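Below are some comments on the model, set out as numbered points. Please read them with the sequence and the coordinates at hand.

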Amino acid sequence: MIDVATLVEQARQGRPRAVARLISLVENAAPELREVMAALAPYTGRAYTVGLTGSPGVGKSTSTSALVSAYRRLGKRVGVLAVDPSSPFSGGALLGDRVRMQDHATDPEVFIRSMATRGHLGGLSWAAPQALRVLDGAGCDVILVETVGVGQSEVEIAAQADTTVVLLAPGMGDGIQAAKAGILEIGDVFVVNKADRDGADATARELNHMLGLGEARDAGDWRPPIVKTVAARGEGLDEVVEALEKHRAWLEEHGELATRRRRRAADEVEAIALAALRARIGDLHGDRHLANLAERVVAGELDPYRAADELVAGLTRG
């Protein structure tokens, strides 16, 4: 028997084992999940969520680790949700970002969790929204969400973060092309990492040019800054934090922070409702009603849209 109230209280006290167990309940869609979310609800809405994304090889994990150090110097409690590709065999995370963040392993004010995508497209795990709620409820001031390496379609992080950081690096060949393909539009802050390499200035100039070609901005609109870093040496990370804080202030001043969070909550509620409907439809696969509808579609008595309407009507009546 899981004592949810005690687990939540221990998580509020910053006990890593309790936080880890709550996130495991989220990942496993445990029966206690409803009770967990209800218990955490009064304590959420305080954390600032920063998403980090970019093509593979740009230094996302190194940058995330360096950002943790920068925020810890400011006295912030930091949570890290590192979303990795899944093993096709076990469903577990392949890379395990905690291995690359050992500098923070003994810091009680830092919680790092690797999560597997488990086949979910978009660069995030399906369980990420609830995992973010756990870290928020556990008192994290800042939550850093590192996605898997993304291309044009895997830009879901923009819907989950208050601020989205897009990382690029010189010498990647298609770094700017990847930005053109889709992730350019989601960036609130752009970081050219590995800036000690040849071509860093050219990458920043080209990125600045592309941002200038984007949609017209009115006076007072946010223009994404471009920051150059060498994350492996911790260089430029204070400037990244400064850019993030400026964006947070802009979001609050213009009411955009509340708008983004309402949109995020609406998406989360919709996803939970759709998952519940899919589960109920799945239960019907052995049900005679669905089989009868299928037979009528095959016989030409019903079109699939009418059959779906009847199925939905049956679900809502049930």
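1. The side chains of R261 and D162 come together in a salt bridge, with an N to O distance of 2.9 Å, and this is a predicted model, so the distance should be read as a computed value. The pair connects distant parts of the chain, since R261 belongs to helix α10 whereas D162 sits in the loop between α6 (157–160) and β5 (163–168), 99 residues apart.

2. The two partners of this bridge can also be described by their accessibility. R261 has a relative accessibility of 22% and therefore counts as partly exposed, while D162, at 0%, counts as buried. The bridge is part of a wider arrangement, in that D162, R261 and R264 are linked in a network of salt bridges.

3. A further salt bridge that involves helix α10 is formed by R133 and E268, whose closest N and O atoms are 2.9 Å apart. R133 lies in helix α5 (residues 128–137) and E268 in helix α10, so this pair ties together parts of the chain that are 135 residues apart in sequence. R133 is partly exposed, with a relative accessible area of 28%, whereas E268 is buried, its relative accessible area being 11%.

4. R233 and E235 also form a salt bridge, and here the closest N and O atoms lie 2.8 Å apart. R233 counts as exposed, at 51% relative accessibility, and E235 is partly exposed, with a relative accessible area of 36%. For the model as a whole, the count comes to 17 salt bridges, among them the pairs R261 with D162, R133 with E268 and R233 with E235.

5. How do the axes of α9 and helix α10 (residues 256–283) cross? They come within 5 Å of each other and cross at roughly 85°, which makes α9 roughly perpendicular to α10. On the α9 side the contact involves H247, W250, L251 and E252, and these meet E256, L257 and R260 in α10. By class, this contact of α9 with α10 has three nonpolar, one polar and three charged residues.

6. Helix α9 (residues 237–253) also packs against helix α4 (residues 60–73), the two axes coming within 9 Å and crossing at roughly 75°. That angle makes α4 roughly perpendicular to α9. The residues that meet are S63, A66, L67, A70, Y71 and R73 in α4, and L237, D238, V240, V241, L244 and E245 in α9. Sorted by class, the contact of α4 with α9 has eight nonpolar, one polar and three charged residues.

7. Some overall figures give the setting for these local points. The secondary structure of the protein comes to twelve helices and seven strands, and 46% of its 318 residues count as buried. Among contacts between residues at least 6 apart in sequence, 73% join residues at least 24 apart. The protein exposes about 16,100 Å², and carbon and sulfur atoms supply 52% of that area.

8. In checking the coordinates, a colleague might begin with the network that links D162, R261 and R264, then turn to the bridge between R133 in helix α5 and E268 in helix α10, and finally examine the crossings of α9 with α10 and of α4 with α9.

Technical notes. Residues are numbered from 1 along each chain as its sequence is written. This is a predicted model: local features need pLDDT of at least 70, side-chain atom pairs count only at pLDDT 80 or more; totals for chains, interfaces and linings use all residues. Side-chain values use heavy atoms; hydrogens and water are left out. Axes are lines fitted to C-alpha atoms, for helices over the stretch in contact, and angles run from 0 to 180 degrees between N-to-C directions. Helices (H or I, at least four residues) and strands (E, at least two) are DSSP runs, numbered from the N terminus. Angles under 35 degrees count as roughly parallel, over 145 as roughly antiparallel, 65 to 115 as roughly perpendicular and the rest as oblique. Contact means heavy atoms within 4.5 Å. Ala, Val, Leu, Ile, Met, Phe, Trp, Tyr, Cys and Pro count as nonpolar, Asp, Glu, Lys and Arg as charged, and the others, Gly among them, as polar. Buried means under 20% relative accessible area, exposed over 50%, partly exposed in between (1.4 Å probe, protein chains only). Accessible areas come from the Shrake-Rupley method with a 1.4 Å probe; for residues, only the protein chains shown count as cover. A salt bridge is a side-chain nitrogen of Lys or Arg within 4 Å of a carboxyl oxygen of Asp or Glu.
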